[in-house]
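The following exercises ask the reader to examine a model and to reason from its geometry. Each task is followed by a worked solution.

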Amino acid sequence: MEIRCPRAFLLPSTIVFFVFFVPQILVQFTHASEEEFTRPPAGNIILSKHERSEMEPQQVHVSLAGSDHMRVTWVTEDHRAHSTVEYGTAPGEYTARIRGEHTSYTFFSYTSGKIHHVKIGPLEPETTYYYRCGASGPEFSFKTPPSTFPIEFAVVGDLGQTDWTKSTLKHVESKDYDVFLLPGDLSYADSQQPLWDSFGRLVESIASCRPWMVTEGNHEIEIVPIISPHGFKAYKARWLMPYEESGSESNLYYSFDVAGGSIHIIMLGSYTEFDSDSDQYKWLQQDLAKIDRRTTPWVFVLLHAPWYNTNTAHQGEGEEMRKAMEELLYGARVDIVFAGHVHAYERFTRIYDNEADSCGPVYVTIGDGGNREGLAMSYKEPASPLSMFREASFGHGRLRVLNHTHAHWSWHRNNQSNAVVADDVWLESLSASGTCMGQEPSSLKDEL
Ligand SMILES: [Fe+2]
C-alpha cells in the first residue's frame, strides 16, 4: 500500500546533482579504518535546494513525543515566523492550534534558520492528521502509529544524501510502515552546515508523514574547538528527540514506547559516556528496570557502532561500549540490537559475550542506507558461526511485529529500480521464553 502522503507537496525539480569537493579544514572525528578496505565509487551527493519563501516551512519532520503526542519540527529562513502548528483530521480543517518553541545556532560563519519544535496532541492512534506549520506554506499530513499489533518499522542506517539514499528512500516509501528508525549518521554534513539543510529538504517528503526516531552517529559529532567543543551542535538543535519524556537528561540517548506500550525502544549514544559511572549507563539501568515484560513483550535497542561485526571496517570500535553495557541488555532480555556505522548489512544469531546464547539479543548491522562513502566490501574470513547473513549492498530493513510473541525481520537490497528481499527471519520474543525469563515451564503455564 502506498503511503498516503500529499504528493502535491513534494518539491518539484529540487534535486540537483553535483560532485562535491570541499577541503577538510575542520577538526572532526573520522573513521579510523576507512582506508583499510576498498569501496565502490560513492554515489553523487544530492543537493536539495530551498524553493519556498523565507517565511514558509522547510525540512519538516515529525517524531514521537510521549504516548500520544508528536513533535513537529521545521526550519524557516525568516526568524519572524511563528512556532505554531494547526492540525485536524480533515484536510484544511484545523481544530487545534498549538504554539511551541524554537532555537537556532551558529557554526563559524553559518547561522541556521529558525528551528521550530512544536509538540502536538493528545492524538488518536492510527489516525491521519493534516497540519500546517507557522500558518504558512503547504499542508502536510502524518499518520500516528497504531496502539496495538501489528506494527511495522522501517530501519535505515548511515543514510546520507546521495543518489543511493534517494533510491533507498524510494523503496522505503513504496510500502507502508508506521515508524522510521535510524541508528545514526544522518546527513553526512560533517561540519558543512548547509548540508544539514539540504538533508532536511531531501527527507521531508517521507519524514513529514511518518515519525522519524533517530540516534546519533560519528558524523553527527562535529566537534570544533571553541565553536562546538562538546559536539552535536547541529544534531541537537535539528533532531530533537523525546529524551525529556523518557527521563534522560541528554538528547543523545532516550527511549520511547509504541504499540500501546507493548514495544519499548531504547536509543543509545555510541559517542557519549557509557561506562558504569556515566549518566547514560545510570539512565539505561533505570529505564530497563521500569520495563514489565508481561505488558511490554518486545524491547529493541538502536546504537551506532556495532558490538558484533565481521566486516573489516570499523573492527572493534563498539567494543568498549559492549563491555560496559552488554550485561545490562542481556539481563533485560533485549530482543534485537540494531547498529549502523559499517556500510553493509549483517545479521547475527542471538549472542551474549561473544557466544551464541538463546537468551541474548539478535544483532543486526544496517548501515547501508546510501551515504557518500560507499560500501564496506571486505569481510573477515572464515565467517564466524555467529554471523548468519552478511552482504555489502545498499538497502533497508523492515521489522513487522505481528503480536506479543512473533515478529518478522527482512532486509531489502536496493536493486536498480526495485528492492529485493535478500534476507528474512522470524523472531520470537524472549518474553515468551520461560527459560530466559527465569520461569519454570510449569509456572509460566500457570500464568497463562
Ligand atoms: Fe558511522
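Two strands are taken to pair if DSSP finds at least two bridges between them. The model is a predicted one, and every solution below refers to that prediction.

**Exercise 1. The surroundings of strand β18**

Task: Determine which strands pair with β18, and describe how the chain passes between them.

Solution.

Step 1. Strand β17, residues 263-267, is joined to β18 by 5 bridges, and the two strands run parallel. Within this pairing, isoleucine 266 has valine 301 of β18 as its bridge partner. The connection from β17 to β18 leads through helix α4, residues 279-289, and forms a right-handed β-α-β crossover.

Step 2. β18 is also joined to β19, by 3 bridges, again in a parallel arrangement. Here leucine 302 stands opposite phenylalanine 338 in β19. Together with helix α5, residues 319-331, the strands β18 and β19 make a β-α-β unit that is right-handed.

Step 3. Both pairings satisfy the requirement of at least two bridges, with 5 bridges between β17 and β18 and 3 between β18 and β19.

Task: Are the residues of β18 buried or exposed, and which of them point one way from the strand?

Solution.

Step 1. In a regular strand the side chains alternate between the two faces of the sheet.

Step 2. In β18, Trp298, Phe300 and Leu302 point one way, while Val299 and Val301 point the other way.

Step 3. The residues on both sides are buried; for the strand, residues 298-302, the count is 5 of 5.

**Exercise 2. The iron site**

Task: Identify the protein donors of the iron ion and classify their arrangement.

Solution.

Step 1. The protein donors are Asp185 through OD, Asn218 through OD1, His304 through NE2 and His341 through ND1, at 2.1 to 2.3 Å from the iron ion.

Step 2. Along the chain these donors follow the spacing D-x32-N-x85-H-x36-H.

Step 3. Four donors count as tetrahedral if all angles lie between 85 and 135 degrees. The 4 donor atoms subtend angles of 89 to 171 degrees, and the arrangement is therefore irregular.

Step 4. Asparagine 218 belongs to the loop between β15 and α3 (233-238), and histidine 341 to the loop between β19 (336-339) and β20 (345-352), so this pair ties together parts that are 123 residues apart in sequence. Asparagine 218 and histidine 341 are both buried.

**Exercise 3. The disulfide**

Task: Which cysteines form a disulfide, and what is its handedness?

Solution.

Step 1. A pair of cysteine sulfur atoms within 2.5 Å counts as a disulfide. Cysteine 359 and cysteine 436 meet this criterion, with an S to S distance of 2.1 Å, and the count for the model is 1 disulfide.

Step 2. The torsion about the S-S bond of cysteine 359 and cysteine 436 is about -85 degrees, so the disulfide is left-handed.

Step 3. Cysteine 359 lies in the loop between β21 (355-356) and β22 (362-366), and cysteine 436 in the loop between β26 (419-428) and α6 (441-447); the pair therefore ties together parts 77 residues apart in sequence. Both cysteine 359 and cysteine 436 are buried.

**Exercise 4. Backbone geometry in loops**

Task: Locate the cis peptide bonds that precede proline 122 and proline 150.

Solution.

Step 1. The bond from glycine 121 to proline 122 is cis, with omega near 5 degrees. Proline 122 is placed in the loop between β10 (114-120) and β11 (128-133).

Step 2. The bond from phenylalanine 149 to proline 150 is likewise cis, with omega near -5 degrees. Proline 150 is placed in the loop between β12 (140-143) and β13 (151-155).

Task: Where do isoleucine 226 and asparagine 354 lie, and is each exposed or buried?

Solution.

Step 1. Isoleucine 226, which is not a glycine, has a positive phi of about 70 degrees and lies in the loop between β15 and α3. Its relative accessibility is 81%, so isoleucine 226 counts as exposed.

Step 2. Asparagine 354 also has a positive phi, near 70 degrees, and is found in the loop between β20 and β21. At 43% relative accessibility, asparagine 354 counts as partly exposed.

**Exercise 5. A buried arginine**

Task: What does the side chain of arginine 210 reach?

Solution.

Step 1. Arginine 210 lies in the loop between α2 (194-207) and β15 (212-214).

Step 2. Buried means under 20% relative accessible area; arginine 210 has 5% and is therefore buried.

Step 3. The side chain of arginine 210 reaches the backbone oxygen of tyrosine 177 at 2.8 Å.

Methods. Residues numbered from 1 in each chain as written. Predicted model: local features only at pLDDT ≥ 70, side-chain atom pairs only at ≥ 80, totals over all residues. Heavy atoms only, no water. Helix = DSSP H or I, 4+ residues; strand = E, 2+ residues; numbered from the N terminus. Buried < 20%, exposed > 50% of the residue type's maximum accessible area, 1.4 Å probe, protein only. Polar contact = N/O pair within 3.5 Å; in protein donor to acceptor, adjacent residues only side chain to side chain. Donors = N, O, S within 2.8 Å, 3.2 Å for Na, K, Ca; no water. Tetrahedral: all angles 85-135°; square planar, octahedral: opposite > 155°, others 65-115°. Right-handed = clockwise from strand over helix to strand, strands pointing away.
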